[in-house]
Amino acid sequence: MINSQPTVLAQLFCTIFTLSFGLVGIANAAEIPPQPQQQGDRNTQTSHTTNTENLLNYIPRWVDATPTLLPEQSNQPMVPRVAETEERTWVDRKQRDVREWADRTSVKIDHWFGDVDPDKPASATIRLMLDNYWNEYDNYEVKPRIRGKIKLPTLEKRLSLVFGDDSLDDEFDNHIANTNQQPNQDPDKRFDSKQTRDNNGSVALRFSDLSKKLPFETDADIGLRSGSDIYLRLRAKRNWELNNDFNFNAEQIYRYGSRSENYLRTNLELIHARPNHAFLSNQLSLTYADKQDDDLRWDNRTFRQHQFFAHNNFNYGIYTGGYYNDNDLRLNSWGPFVSWRQPLWREWFYVQGDLNYFNDHREDRDHYVSTFLRLETLF
């Protein structure tokens with residue numbers, strides 16, 4: 001919806017804001033100890049608390065009671081550490097050279113802003129990814145992606161430089177069930193060089209922890225996207241530890257670009273995690289953008305995650321997604337998915353594979369198999 005009425009836009013903003021941060025009271029209530037009450041009210045509160053606890057713990061208890069042949073949780077390393085392999089092969093030496101070059105460059109940039117504290121040196125992290133998508137309708141596509149961050153501790157406000165595909169920052173920290181959200185403009189192309197340059201052409205200065213008085217983490221970016229889209233991005237995030245091993249995470253992202261205009265995304269996540277056990281998670285995201293066709297898009301993933309060895313993730317669950325447009329709320333897609341991620345051969349090289357079985361009502365597609373393969377190198 002490119003040209004939105006101001007009243008509709010305001011209503012959407014209020015709705016998303018309420019969903020993301022209106023749950024603060026509920027989360028805080030779980031952390032506040034009960035106050036002494038009269039005997040008549042105590043029985044009512046006890047009954048209400050018992051019903052709430054039963055509701056929250058019903059699914060975890062049911063899952064725990066289900067027989068499984070999967071191995072137990074483990075944090076045992078399956079690949080050698082970087083210090084043990086960086087001299088073994090030409091590839092290892094090149095990975096080390098790039099990593100050290102990035103750190104040296106970050107230190108030089110940090111020198112521009114004052115004296116460097118040797119106990120807190122600048123550092124850089126770079127993720128280089130090659131994403132591969134396939135399904136029977138869109139065939140095969142490949143998308144190179146890069147995302148980097150240079151930390152500059154000399155500056156008081158923890159300024160950092162971020163570059164590459166900025167859409168990666170909008171995802172959940174534990175993002176799974178990947179699908180091709182931006183297919184190539186030309187369906188006959190497996191690789192779109194122009195689109196790849198635009199997607200990876202973001203660079204911005206990031207200010208972290210804008211105020212210690214705020215009850216949530218904050219970031220503010222000002223930069224350039226896709227070569228000519230000057231933008232400002234604000235992010236607020238908070239985690240609440242609830243009773244009975246539950247955690248609730250809320251993240252609100254707002255971006256305004258000179259070309260892309262308004263973009264608003266809400267990430268909500270409820271996790272049940274016990275030590276040395278596979279955890280349950282429900283991730284809900286809501287997206288509004290001036291440049292998308294629908295008023296609002298939503299995606300929900302309910303899944304369980306195992307870790308069979310260090311830095312390994314095995315996920316399986318159910319995805320549902322849809323849209324809200326012209327006062328019409330629709331479920332457009334749903335289905336099961338499986339995802340596996342692990343380091344391969346080296347601690348700095350990862351492989352992730354996803355298998356999805358979703359449908360698409362809008363495109364008149366019944367359930368079909370789609371696959372995702374990511375090769376990722378860390379520097």
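Is R96 buried or exposed? Let's start there. R96 is buried, because its relative accessible area is 15%, under the 20% cut-off. One thing before we go on: this is a predicted model.

R96 has a partner. Its side chain meets that of D97 in a salt bridge, at 3.4 Å from N to O. D97 is partly exposed, with a relative accessible area of 33%. So one side of this pair counts as buried, and the other as partly exposed.

Now the wider count. How many salt bridges does a search of the whole structure find? It finds 26. I'll pick out a few.

Take D131 and R145. They form a salt bridge, and their closest N and O atoms are 3.1 Å apart. This pair links distant parts of the chain. D131 sits in strand β1, residues 123-135, and R145 in strand β2, with their positions 14 residues apart in the chain. Buried or exposed? D131 counts as buried, because its relative accessibility is 0%. R145 is buried as well, at 10%.

Next, K237 and D173. Their side chains meet in a salt bridge of 2.7 Å, N to O. Here too, distant parts of the chain are linked: K237 is in strand β6, and D173 is in the loop between β3 (159-164) and α6 (193-199). They are 64 residues apart. D173 is exposed, with a relative accessible area of 72%.

There is also a network. Which residues does it link by salt bridges? They are R147, D169, D170, R206, D221 and R233.

On to empty space. Rolling a probe the size of a water molecule over the atoms shows where such space is left. The structure holds one cavity of 30 Å³ or more. The largest cavity has a volume of about 60 Å³. What lines it? The lining is P60, V63, D64, H272, R274, H277, A278, L280 and R304. By class, that lining has four nonpolar, two polar and three charged residues. Which element gives the most to it? Helix α3, residues 39-64, does, with three residues.

Now the surface. W134, Y140, V338, L355, Y357 and V369 form a nonpolar patch there. Together they have about 510 Å² of accessible area. Look at one of them, L355. It is found in strand β13, residues 349-360. L355 is partly exposed, with a relative accessible area of 46%. Why can L355 be counted in a patch? Patch residues need over 30% relative accessible area, and L355 has 46%, so it clears that cut-off.

Two asparagines deserve a look at their backbone. Phi of N139 is near 65°, a positive value in a residue other than glycine. N139 is found in strand β2, residues 139-152. N139 is partly exposed, at 45% relative accessible area. N327 has a positive phi too, about 65°, and is not a glycine either. Where does N327 lie? It lies in the loop between β11 (313-325) and β12 (328-343). N327 is exposed, because its relative accessible area of 67% is over 50%.

Last stop: G227. This residue lies in the loop between β5 (217-225) and β6 (229-241). G227 is exposed, with a relative accessible area of 55%. Its C-alpha atom is separated from that of N199 by 9.6 Å, and the two residues are 28 residues apart along the chain.

That's the tour. Thank you.

Conventions. Residues are numbered from 1 along each chain as its sequence is written. This is a predicted model: local features need pLDDT of at least 70, side-chain atom pairs count only at pLDDT 80 or more; totals for chains, interfaces and linings use all residues. Side-chain values use heavy atoms; hydrogens and water are left out. Patches are made of residues with over 30% relative accessible area and no salt bridge: like charges are joined within 9 Å, nonpolar side chains (Val, Leu, Ile, Met, Phe, Trp, Tyr) within 5 Å. Accessible areas come from the Shrake-Rupley method with a 1.4 Å probe; for residues, only the protein chains shown count as cover. A salt bridge is a side-chain nitrogen of Lys or Arg within 4 Å of a carboxyl oxygen of Asp or Glu. Helices (H or I, at least four residues) and strands (E, at least two) are DSSP runs, numbered from the N terminus. Buried means under 20% relative accessible area, exposed over 50%, partly exposed in between (1.4 Å probe, protein chains only). On a 1 Å grid over the protein atoms alone, a cavity is a set of points where a 1.4 Å probe fits but cannot get out, and a pocket is an open set with protein on both sides within 12 Å along at least five of seven lines; lining residues have an atom within 4 Å of a point. Grid points are joined across faces, edges and corners, and a volume is the space filled by probe spheres set on the points. Ala, Val, Leu, Ile, Met, Phe, Trp, Tyr, Cys and Pro count as nonpolar, Asp, Glu, Lys and Arg as charged, and the others, Gly among them, as polar.
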